[in-house]
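Please open the model in a viewer and keep the sequence panel beside it. The tour proceeds by selection, one element or residue at a time.

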Amino acid sequence: MLGASGRTGVAPGLPAEIRNYEPADEPSWLRCRVLGLLETNHFDDVWRFKRRTDLELVALEAGAVTGILDVTVPAEEATIETVVVHPDHQGTGIATALLEEAVSRLERCGVRTLDAWILEDGAALDWFARNEFVKAEAYLRLHASADEADTAVSARYGLVVSGAVLHARIEREAEMRQRFERVHVCRRLVRELRL
């Protein structure tokens with residue numbers, strides 16, 4: 001659906017290759033994703049297999065995945081599901097090169113906006129801002145321990161609450177930070193694409 005690369009060459013310092021994800025990339029893709037998210041607030045978003053999306057790009061160095069960009073495209077608005085760079089290659093322009101390739105393909109397909117939902121990770125927020133994304137909305141994401149969840153959630157049907165991921169309105173941030181240890185502002189960042 002989203003076509004082949006519009007990339008015309010490799011700039012110095014950028015990955016040797018940016019191409020569509022292939023099933024054989026999965027082990028390397030999973031390692032890159034886990035290691036790339038480890039030092040972020042998404043550290044516990046671990047997958048055992050790759051979930052499919054509409055646009056799946058990888059950056060490669062010596063045959064190993066060093067960067068990932070996955071996008072879902074339900075209509076004229078697309079969403080970045082994963083953008084991550086292996087820790088050994090962060091800060092080298094890989095994420096930006098992946099984004100440029102994705103934007104080129106999305107624009108050719110008539111996509112008007114690209115968005116992403118981001119927790120409070122300074123480096124990620126800075127990268128999105130440098131790449132023309134602006135905040136559109138926000139909510140709170142709470143990761144409640146068993147004790148915290150027990151005060152906020154009531155279980156039924158013989159279930160016992162052992163922890164929970166909860167959402168709350170941004171206006172309740174001060175209250176939620178007093179009640180829960182792990183509270184994150186989750187922002188929807190949007191970039192308008194050129195047609």
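The stops below lead from a helix and the strands around it to a pocket and then to a second helix. The coordinates belong to a predicted model.

**Stop 1: helix α1**

Select residues 26-37, which form α1. The helix has twelve residues, which should span 16 Å at 1.5 Å a residue, and its end C-alpha atoms are indeed 16 Å apart. Colour S28, W29, L30, C32, R33, G36 and L37, the buried residues of this helix. Then show β2, β3 and β4, which are among the elements that cover these buried residues.

Within α1, pick R33. Is R33 buried or exposed? R33 counts as buried, because its relative accessibility is 3% and the cut-off for burial is under 20%. Leaving aside neighbours within four places in sequence, display the contacts of R33: D45, V46, W47, I68, T82 and V84.

**Stop 2: strands β2, β3 and β4**

Select residues 55-61 for β2 and residues 64-72 for β3. These two strands run antiparallel and are joined by seven bridges. One pair to label is E61 with A64, its bridge partner in β3. The two strands form a hairpin with two residues between them, and A62 in the turn has a positive phi of about 50°.

Stay with β3 and turn on the surface of its surroundings. Seven of the nine residues of β3 are buried, so the strand is largely enclosed by the rest of the structure.

Next add residues 77-85, which make up β4. How many bridges join β3 to β4? There are six, and the two strands run antiparallel. Label G67 and V85, which stand opposite each other, V85 being in β4. β3 and β4 also form a hairpin, here with four residues between them.

On β4, centre the view on T82. T82 counts as buried because its relative accessibility is 5%. Not counting residues up to four places away in sequence, T82 touches R33, W47, I68, L69 and D70. The contact with R33 leads back to helix α1, and R33 in turn lists T82 among its contacts.

**Stop 3: D44 and the loop after α1**

Move to D44, in the loop between α1 and β2. D44 is partly exposed, with a relative accessible area of 40%. Draw a distance from the C-alpha of D44 to that of V34: the two residues are ten apart in sequence and 8.7 Å apart in space. Apart from neighbours within four places in sequence, D44 is in contact with H143 and R182. H143 falls in β6 (134-144) and R182 in β8 (182-192), the strands of the next stop.

**Stop 4: strands β6, β7 and β8**

Select β6 together with β8; they pair in the antiparallel sense over nine bridges. Now add β7, residues 164-168, which is joined to β6 by five bridges and also runs antiparallel to it. A useful residue to label is L140. Which residues stand opposite L140 in these two strands? In β8 the residue is V185, and in β7 it is A168.

**Stop 5: the largest pocket**

Display the largest pocket, which holds about 1,200 Å³ of space. Of the 47 residues that line this pocket, the closest to its centre are L37, H42, V83, V84 and A124. The elements that give two or more residues to the lining are α1, β4, α2, β5 (113-118), α3 (122-130), β6 and β8. Which element supplies the largest share of the lining? That element is β4, with seven residues. Colouring the lining by residue class gives 21 nonpolar, 15 polar and eleven charged residues.

**Stop 6: helix α2**

Finish with residues 94-108, helix α2. The helix has 15 residues and reaches 22 Å from its first C-alpha to its last, close to the 21 Å expected at 1.5 Å a residue. Colour its buried residues: I94, A95, A97, L98, L99, E101, A102, V103, R105 and L106. Finally, step just past the end of α2 to G110, which takes a positive phi of about 85°.

Note on methods
Residues are numbered from 1 along each chain as its sequence is written. This is a predicted model: local features need pLDDT of at least 70, side-chain atom pairs count only at pLDDT 80 or more; totals for chains, interfaces and linings use all residues. Side-chain values use heavy atoms; hydrogens and water are left out. The expected span of a helix is 1.5 Å times one less than its number of residues. Buried means under 20% relative accessible area, exposed over 50%, partly exposed in between (1.4 Å probe, protein chains only). On a 1 Å grid over the protein atoms alone, a cavity is a set of points where a 1.4 Å probe fits but cannot get out, and a pocket is an open set with protein on both sides within 12 Å along at least five of seven lines; lining residues have an atom within 4 Å of a point. Grid points are joined across faces, edges and corners, and a volume is the space filled by probe spheres set on the points. Ala, Val, Leu, Ile, Met, Phe, Trp, Tyr, Cys and Pro count as nonpolar, Asp, Glu, Lys and Arg as charged, and the others, Gly among them, as polar. Contact means heavy atoms within 4.5 Å. Two strands pair if DSSP finds at least two bridges between them.
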